[in-house]
Amino acid sequence: MRIEPTISYSQQIQHAVDDILGKYDHAIDLGIILGTGLGQLIQHIQIEKEIPYEEIPFFPVSTVESHKGKLIFGKLSGKSVVAMQGRFHYYEGYSMKEVTFPVRVMKKLGIKHLFVSNAAGGLNPEYKIGELMIINDHIDLFPENPLRGKNLEEFGVRFPDMSEPYDQSLITSALDIAKRDSMNVHQGVYAAVQGPNLETKAEYKYLRTIGADAIGMSTIPEVIVARHMELPVFAISAITDLCSPGNIKKVKIEEVLVAAAKAEPGMGLIIKELIAKL
Ligand code: HPA
């Protein structure tokens with residue numbers, strides 16, 4: 001019997017990177033991770049190459065129906081981008097190291113910025129379904145941290161700073177874009193829980209009390225890993241359901257997708273214009 005040598009996490013990342021570079025060897029300016037129901041932006045990319053996740057060594061494979069798993073390479077607003085069509089959620093059973101594996105890979109492919117979108121529940125009573133919230137801070141309520149374990153020194157420090165996870169100049173530019181286009185865009189604090197169940201009324205009340213404006217089940221792990229590598233991050237939520245007292249009703253995934261579709265054009269416009277300005 002042949003025993004395979006164990007491959008470290010760093011080596012797995014390098015294998016994935018080498019494999020991708022064998023298929024598409026171009027400088028890449030930025031990475032994009034699109035959330036549930038928010039894949040339309042892909043249609044604006046002049047696609048040069050698509051690589052299904054299952055063809056990339058050590059890449060996790062996505063399980064959620066509404067996510068198609070592939071990396072998309074091409075041009076958006078004149079910049080070279082890599083977009084993840086389909087992200088990995090902790091609730092699907094992936095470890096945090098798996099959830100954030102693609103962010104490490106994208107960084108090694110040369111990205112200088114990371115753009116992230118998600119669908120989220122609105123805790124702030126002023127928010128309406130289909131509106132956008134630019135994330136200006138977060139509260140991590142996941143039970144596992146992607147940086148737990150031996151620090152990957154080649155990527156960043158043991159105790160990365162998290163005082164400004166979201167790039168302030170990108171937030172300011174995004175607010176300018178929204179204002180110019182008369183879009184009612186909020187900025188606020190995103191909290192994330194592991195899911196997959198939605199929250200009880202008491203939990204929504206608690207989340208609001210601790211300072212969250214929106215609640216979801218993603219984004220923060222990828223942002224923590226991006227900031228470990230000092231990548232500037234821009235993140236934006238589509239408000240897909242209301243979680244403030246008096247507004248809470250049963251959440252159906254179909255309604256989340258409809259609300260995401262409503263928010264999508266504005267979100268796409270902001271991201272495209274931000275990228276053009278980089
Ligand atoms: N809670 C958690 N995650 C979510 C929600 C919510 O209400 N809506 C969309 N993602």
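The largest cavity in this predicted model has a volume of about 40 Å³. Eight names make up its lining: Lys 97, Arg 104, Pro 146, Leu 147, Lys 150, Asn 151, Leu 152 and His 228. By character, the lining of this largest cavity splits into 3 nonpolar, 2 polar and 3 charged residues.

How many cavities of 30 Å³ or more does a search of the whole structure find? The search finds 2. The second largest has a volume of about 30 Å³, and its lining is formed by Leu 34, Leu 38, Leu 41, Glu 264, Met 267, Gly 268 and Ile 271. In the lining of the second largest cavity, 5 residues are nonpolar, 1 is polar and 1 is charged. Leu 34, Leu 38 and Leu 41 are among the residues that line this cavity, and by the grouping used here leucine counts as nonpolar. Spaces of this kind are found with a probe: rolling one the size of a water molecule over the atoms shows where empty space is left.

From the cavities we turn to the ligand. Which residues surround the ligand? The shell consists of Ala 119, Ala 120, Gly 121, Leu 198, Glu 199, Tyr 204, Ile 215, Gly 216, Met 217, Thr 240, Asp 241 and Cys 243. Of the residues in this shell, 7 are nonpolar, 3 polar and 2 charged.

Several members of the shell place polar atoms close to those of the ligand. Glu 199 has a polar side-chain atom 2.7 Å from a nitrogen atom of the ligand. Ala 119 takes part through its backbone, with an N or O atom lying 3.5 Å from a ligand nitrogen atom. In Tyr 204, an N or O atom of the side chain is 2.9 Å from an oxygen atom of the ligand. On its own the ligand has 260 Å² of accessible area, and the protein covers 94% of that area.

Where in the fold does the shell come from? Strand 5 (113-122), strand 8 (214-216) and strand 9 (233-242) are the elements that give two or more residues to the shell around the ligand. Strand 5 supplies the largest share, 3 residues.

Now for the chain as a whole, which has 7 helices and 9 strands. Its radius of gyration is 18 Å, close to the 19 Å that the globule rule gives for 278 residues, so the chain is as compact as a globular protein of that length. Taken along the principal axes, the box filled by the C-alpha atoms is roughly 60 × 40 × 35 Å.

Two points of backbone geometry remain. Which residues are joined by a cis peptide bond? The bond lies between Gly 195 and Pro 196, with omega at about 0 degrees. Pro 196 sits in the loop between strand 7 (185-192) and helix 5 (201-209). The other point concerns Ser 182, which is not a glycine yet has a positive phi of about 50 degrees. Ser 182 belongs to the loop between helix 4 (168-180) and strand 7.

Definitions and conventions. Residues numbered from 1 in each chain as written. Predicted model: local features only at pLDDT ≥ 70, side-chain atom pairs only at ≥ 80, totals over all residues. Heavy atoms only, no water. Near = heavy atom within 4 Å. Polar contact = N/O pair within 3.5 Å; in protein donor to acceptor, adjacent residues only side chain to side chain. Areas by Shrake-Rupley, 256 points an atom, 1.4 Å probe, with all protein chains shown as cover. Helix = DSSP H or I, 4+ residues; strand = E, 2+ residues; numbered from the N terminus. 1 Å grid on protein atoms, 1.4 Å probe; cavity = no way out; pocket = protein on both sides within 12 Å on 5 of 7 lines; lining within 4 Å. Points joined across faces, edges and corners; volume = space filled by probe spheres on them. Rg over C-alpha atoms; globule rule 2.2 N^0.38 Å.
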